[in-house]
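Q: Could you take a close look at one part of this structure with me? I would like to know about loop residues whose backbone angles stand out.

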Amino acid sequence: MKILIYLMIASSFIAADLISINIKIMELSLFRISLIIIAIYMILESFKSNIKISFKFKNNQDIIKKFYFIWLVYSLFSIGWVKDYYSWLRAVFFIGSGFFCITILSRYLKNEKDFMNVFRIIFIMVVLHNLIGWGELLTGNYKFADLTRFDRYNQFANNPSVRIPISMFGNPNDYATFLVIGAFISYMVFLNSNSKISKVSCILTIISSILLLFRTNSRANILGLVLGLLVFILFKYLGEVSIKKIFIAFVIPIFSILNIHKLSNMVQLFTNKVRIDFTTGSDFIRLNLIRNGLYFLKETIGFGTGAGNIEYWMETRRVFPVGKIRNMHNWWMEILVGYGMIIFIGYIFVYYKKFKVLYHSYKNIDNKFIKNTSIGLLSIMGSFVVSSISSSSLLPSQWLWVFWGVVIAYIGYIEKQYNLLFVKDRIQ
């Protein structure tokens, strides 16, 4: 079973259509095949073991897992008010797949060796996508990307300076999000490795990932990397957390990156005191997507548009111009607008829960692997707050569902192994 789980994890980082079976209604990829087999095995095993469903919250991992189940159920019930049923089904499929990933990994990843193997597998995939990215930059040969979207003037073939790495991720923003997470995963493997060759490989991969990240020109992910590094420095070198340190670590860098003129335009835009040309500014397009989203939320009385139906509303009910863009391009707003206030608040709450457990494990558990892994995952969580606003939608990102499944499984492991259930919260 472990081998099949490792296969599922590795295949989640490969393009769905690279190794797949077309069954008309969907591409049955290697990841989906392995997920289905493991899910069926897990369900049958549960029946044999006579496992009962409990509505009590045993620990933080249990709270987190049950939230994702509630999210899935809410998505299913949203069929009562959605308009685009195909998009609804597609969104429910991704959330359902994510929930099964979380459940499977939480059940079968049980010890330090399991997690070391998982992080090594992810590291190998990071190396693979780094090699593909550099191959694209050096040769101009894009085997997995649709260049009609990114090379409209056919410059990539003859002008290496304008090439951007994409790998199998469909667009540079998704690839950049992967590179940010990949850099921190590489650092975690570096800290937990005893082999000199492995350590050198990790250092080279970190440097490579950062260089490729800057070539993607994804501003949100570059900022995400900076924030992730600040979280790392904050917890590793500055001792206990305070409001002042959080302000220094997050607020000042953000305001130093945003120039005063652009911030002023945004304020004026919200108050309708100035007319802006939305056809030339991607920042203002993104702002209008948010404004439309908040309007949709108001129109649905806080329940959201329903699973997968933001694009339908953006096409038919938008108030503010957004050009040809229909996705929210903001993970947090996608959850809020698509699934409503209750799910959004729940998501923020469980995100805090993850952060809290990782923080306590880093501070209170005297174990090299736990400390190294927890500080790395804390850094990723800090970076993801901003990195997640770069992509059009993260819902279909199967590798990201798997990654968060690993994080949630790790949280369950440290809670059970080190009895970290009742540690007081020291974040002030």
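A: Here is a walk from the whole protein to two of its loop residues. Keep in mind that this is a predicted model. The protein has 16 helices and two strands, and buried residues make up 52% of its 428 residues.

Now for the backbone angles. Most residues other than glycine have a negative phi. Asn 217 is not a glycine, yet its phi is positive, about 60°. You will find Asn 217 in the loop between α8 (196-216) and α9 (219-237). Is this residue buried or exposed? Asn 217 is exposed, because its relative accessible area is 56% and exposed means over 50%.

Next, turn to His 329, which also is not a glycine and has a positive phi, near 55°. His 329 sits in the loop between α13 (310-316) and α14 (331-364). With a relative accessibility of 16%, His 329 counts as buried, because the cut-off for buried is under 20%. To put the two side by side: Asn 217 is exposed, whereas His 329 is buried.

Finally, a look at the setting around these loops. Of the contacts between residues at least 6 apart in sequence, 72% join residues at least 24 apart. The accessible surface of the protein comes to about 20,900 Å², and 65% of that belongs to carbon and sulfur atoms. As for cysteines, Cys 101 is buried at 1% relative accessibility, and Cys 202 is buried at 0%. A search of the whole structure finds zero disulfides.

How values were computed
Residues numbered from 1 in each chain as written. Predicted model: local features only at pLDDT ≥ 70, side-chain atom pairs only at ≥ 80, totals over all residues. Heavy atoms only, no water. Helix = DSSP H or I, 4+ residues; strand = E, 2+ residues; numbered from the N terminus. Buried < 20%, exposed > 50% of the residue type's maximum accessible area, 1.4 Å probe, protein only. Contact = heavy atoms within 4.5 Å. Areas by Shrake-Rupley, 256 points an atom, 1.4 Å probe, with all protein chains shown as cover. Disulfide = S-S within 2.5 Å.
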